[in-house]
Amino acid sequence: MDTGLVAIALVVIGLGMGSLLAGARYVGEVRRIARFLRERGPQSNMRVTAGGAPGVTDLADAINTELDRSAQAHIEALRHQQEFQRDLSALSHDIRTPLMGAKGYLQLACDEADAVQRARHLDAAAARIDATTELLDQLFAYTKSTDPDLALTLEPVALKPFVEEVLLGQYPTFEERGWEPQVIFEDTVAAVEADRDALARVLTNLVVNALRHGSAAPRVSARREGDRVELSVSNAVANPESIEAARLFDRFYQADATRGAAGSGLGLAICANLARAMGMDIAAEVRDGILTITLAMRASR
């Protein structure tokens, strides 16, 4: 046989054997990694090691990156669960307190012979039951607002009359405080794309927040910026330095920060959830003793 052909044959055989050995080594490494992943405990922080086979290092790095992401997601889930359990514990205290108060006043009413005093005790009991009802309503609304399958129907909504209707709904509280809200609209016929029920909840919560925590009548203003309409609710606050604007939309923020204050701490969290569901942006800032919450909405054509 020609020596040239023999040399070529030997080279081909050598390449083939090398490929077979490399392939066997690669398969062995992949099987080792698969076995490691099957046997690795869910709480383990062990990482995949590369044995040097072609491409295995990149594969190991990619797997380790995903393992790190999974571990971080698990840590975040545990943290959120712990926070939610703590918040629920705080809310359960807020619910029990007015209920125990109502029970006490009802007992006093049962033991009271004087009709006038009995009526006062019953009124006090009713007020505490109303407070409990509000807390439960807010909790239900918050749970609903976090539903990923929440179905909203966006339609054109004339903003100024809608805002006026929400303010009118809070008229008794405004009258009780002797306040008259300012309503300033640069574009009085501005309309936005929104779900009516969700927008009503958002605006109501913003107004109630201003009434409950403000120290003066709120100012509601709106202006158009291109294809967006910005609605702002501003009010003076007694202790602006105590407000963390970045946390105002956190679940139970108010309840955690000031346990003695009225409210569930869910109102603004509901606003943020519903705003996001409608494709809106919501933000808060405190400047010169004024808290301003701005809702940016898509203008309707």
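The paragraphs below walk through one sheet of a predicted model and the helix that packs on it.

The sheet is open and has five strands, which lie in the order β2-β4-β5-β7-β6 with mixed pairing. At its edges are β2, covering residues 182-185, and β6, covering residues 281-287, each of which pairs on one side only. From one strand to the next, the twist averages 15 degrees. As general background, the strands of a sheet pair through backbone hydrogen bonds, and this pairing may be either parallel or antiparallel.

A convenient place to begin is the pair formed by β4 (residues 219-225) and β5, which are joined in the antiparallel sense over seven bridges. Within this pair, R224 has V229 of β5 as its bridge partner. The two strands form a hairpin with two residues between them, and in the turn G226 has a positive phi of about 65 degrees.

From β5 the path across the sheet leads to β7, since the strand order places β5 between β4 and β7. Here β5 and β7 pair over nine bridges, again in the antiparallel sense, and E230 finds its bridge partner in A296 of β7. Strand β7, which spans residues 290-298, is also joined to β6 by seven bridges, and β6 and β7 run antiparallel. One of the contacts in that register can be followed by residue, with E285 having T292 of β7 as its bridge partner.

Helix α6, made up of residues 196-213, packs on this sheet and touches both β5 (228-236) and β7. The direction of helix α6 makes about 170 degrees with that of β7.

Note on methods
Residues are numbered from 1 along each chain as its sequence is written. This is a predicted model: local features need pLDDT of at least 70, side-chain atom pairs count only at pLDDT 80 or more; totals for chains, interfaces and linings use all residues. Side-chain values use heavy atoms; hydrogens and water are left out. Two strands pair if DSSP finds at least two bridges between them. Helices (H or I, at least four residues) and strands (E, at least two) are DSSP runs, numbered from the N terminus. Axes are lines fitted to C-alpha atoms, for helices over the stretch in contact, and angles run from 0 to 180 degrees between N-to-C directions. Contact means heavy atoms within 4.5 Å.
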